[in-house]
Structure formats: structure tokens, C-alpha cells
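Please read the points below with the model open beside you, and follow each one on the structure as you go.

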Amino acid sequence: MEQEMVIRRYRPADEEPVVDLWSRASKIAHPFIEGEGEGERARKIREIYLVEADNWVAEISGRVVGLLGLLDAEIGGLFVAPESQGRGVGRALVEHAVSLHGEVTLDVYEQNLRARRFYEQLGFTEQGRRPDEETGHTMISLRR
């Protein structure tokens with residue numbers, strides 16, 4: 001039997017499991033970014049994004065399996081533990097963002113084809129493209 005998923009606000013005690021799932025998911029989603037999931041990027045997750053964003057976690061059986069970071073109505077980050085992907089966690093977190101804000105936006109790397117397909121299936125449409133200031137890779141702006 002599938003355990004019920006709970007979406008709740010991020011708490012400081014969630015930092016280690018959240019950084020772990022972010023690191024593992026990022027390395028899979030962004031293999032084209034050198035040092036992804038570690039080093040300076042991990043420091044920014046801990047010291048900036050987990051502090052400044054409106055963060056939510058998805059939990060199954062008391063285990064954190066997903067992270068949603070919101071900057072107002074922008075999804076600044078959506079990460080699901082690799083072993084929990086394809087089980088509705090990401091979809092539930094996106095729907096949570098929509099329930100809070102109605103229309104939401106996000107940026108996705110052009111090279112992250114799996115995420116692009118996921119967002120397309122959820123009804124997001126492309127609004128534009130730009131180079132990412134930090135990595136130089138092309139980002140696609142989406143809206144739903």
C-alpha cells in the first residue's frame with residue numbers, strides 16, 4: 001500500500017535531508033553543470049535559498065522526499081529524491097504552489113529534457129529564453 005504524502009512547511013531540522021535530496025537530484029538533472037550538487041552551489045542552498053525562499057517539503061512515511069522553493073509566485077526550485085521520482089511528488093508540489101498563488105512561473109535549463117517534459121505535461125508554456133548568469137547555460141522561462 002502506498003503511503004500518504006504530506007506537504008508541509010520546511011523546518012530548519014529538515015536541512016540535512018533536503019540538502020541530500022537536492023544534491024542527488026541536481027547531479028542527475030544537471031550533469032552539464034560542473035560541480036552541481038556540491039561545493040559553492042551547496043553552500044548557496046544552505047545559506048541563501050533555504051533561508052530566503054518560502055520552502056515546502058513533501059514527506060512520505062516521515063521521510064522528506066521533495067523540496068519546493070517559492071519566491072512569491074515563482075518556483076525557484078523543485079527537487080525530488082531520485083528514488084521517489086515518478087511517484088507524483090513533483091506534481092503534488094507544483095499543484096501546491098498553484099493552490100497558493102494561482103499562476104506560477106519558473107525557469108528550467110534547456111538541457112534538462114526530463115524536467116521540460118514534466119512541466120509541459122502539467123500545462124506550462126514557454127515565455128522566453130535567456131542565458132543563466134551563473135552557468136551560461138540557456139534557461140527557458142515557463143508559466144502556468
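1. In this predicted model, Met5 in the pairing of strand 1 with strand 2 stands opposite Ile60 of strand 2. Strand 1 covers residues 5-9, and the two strands run antiparallel, joined by five bridges.

2. Strand 2 also pairs with strand 3 (residues 63-71), again in the antiparallel sense, and here the pairing extends over seven bridges. Within it, Asn55 stands opposite Gly69 of strand 3. The hairpin that these two strands make has two residues between the strands, and in it Ser61 takes a positive phi near 55°.

3. Is strand 2 largely enclosed or not by the rest of the structure? Strand 2 spans residues 54-60, and six of its seven residues are buried, which means that the rest of the structure largely encloses this strand.

4. Taken as a whole, the sheet is open and is formed by seven strands in the order 1-2-3-4-5-7-6, with mixed pairing. Strand 1 and strand 6 (125-131) are the edge strands, since each of them pairs on one side only, and from one strand to the next the twist averages 30°. A parallel part of the sheet is found where strand 4 meets strand 5, with two bridges joining them; there, Ile75 has Leu106 in strand 5 as its bridge partner.

5. Two helices should be looked at together with the sheet. Helix 3 lies across strand 1, strand 2, strand 3 and strand 4, and runs at about 35° to strand 3, whereas helix 4 lies across strand 4, strand 5, strand 6 and strand 7, running at about 150° to strand 5.

6. Helix 3 (residues 89-101) has 13 residues and reaches 19 Å from its first C-alpha to its last, which is close to the expected 18 Å. Its buried residues, including Leu93, Val94 and Val98, pack against strand 1, strand 2, strand 3, strand 4 and helix 4. After the helix comes Gly102, with a positive phi near 80°.

7. In soluble globular proteins, nonpolar side chains tend to be buried together. The largest nonpolar core here has 23 residues, and those that touch the most other members are Leu68, Ile75, Val94, Tyr119 and Phe124. Helix 3 gives this core its largest share, five residues. Leaving aside residues up to four places away in sequence, Val94 touches several residues, among them Ile75, Leu78, Phe118 and Tyr119. There is also a second, separate core of 14 residues, which includes Trp22, Ala25, Leu50 and Val64.

Terms used. Residues are numbered from 1 along each chain as its sequence is written. This is a predicted model: local features need pLDDT of at least 70, side-chain atom pairs count only at pLDDT 80 or more; totals for chains, interfaces and linings use all residues. Side-chain values use heavy atoms; hydrogens and water are left out. Buried means under 20% relative accessible area, exposed over 50%, partly exposed in between (1.4 Å probe, protein chains only). Helices (H or I, at least four residues) and strands (E, at least two) are DSSP runs, numbered from the N terminus. Two strands pair if DSSP finds at least two bridges between them. The expected span of a helix is 1.5 Å times one less than its number of residues. Contact means heavy atoms within 4.5 Å. A nonpolar core is a set of buried Ala, Val, Leu, Ile, Met, Phe, Trp, Tyr and Cys residues joined through side-chain atoms within 4.5 Å. Axes are lines fitted to C-alpha atoms, for helices over the stretch in contact, and angles run from 0 to 180 degrees between N-to-C directions.
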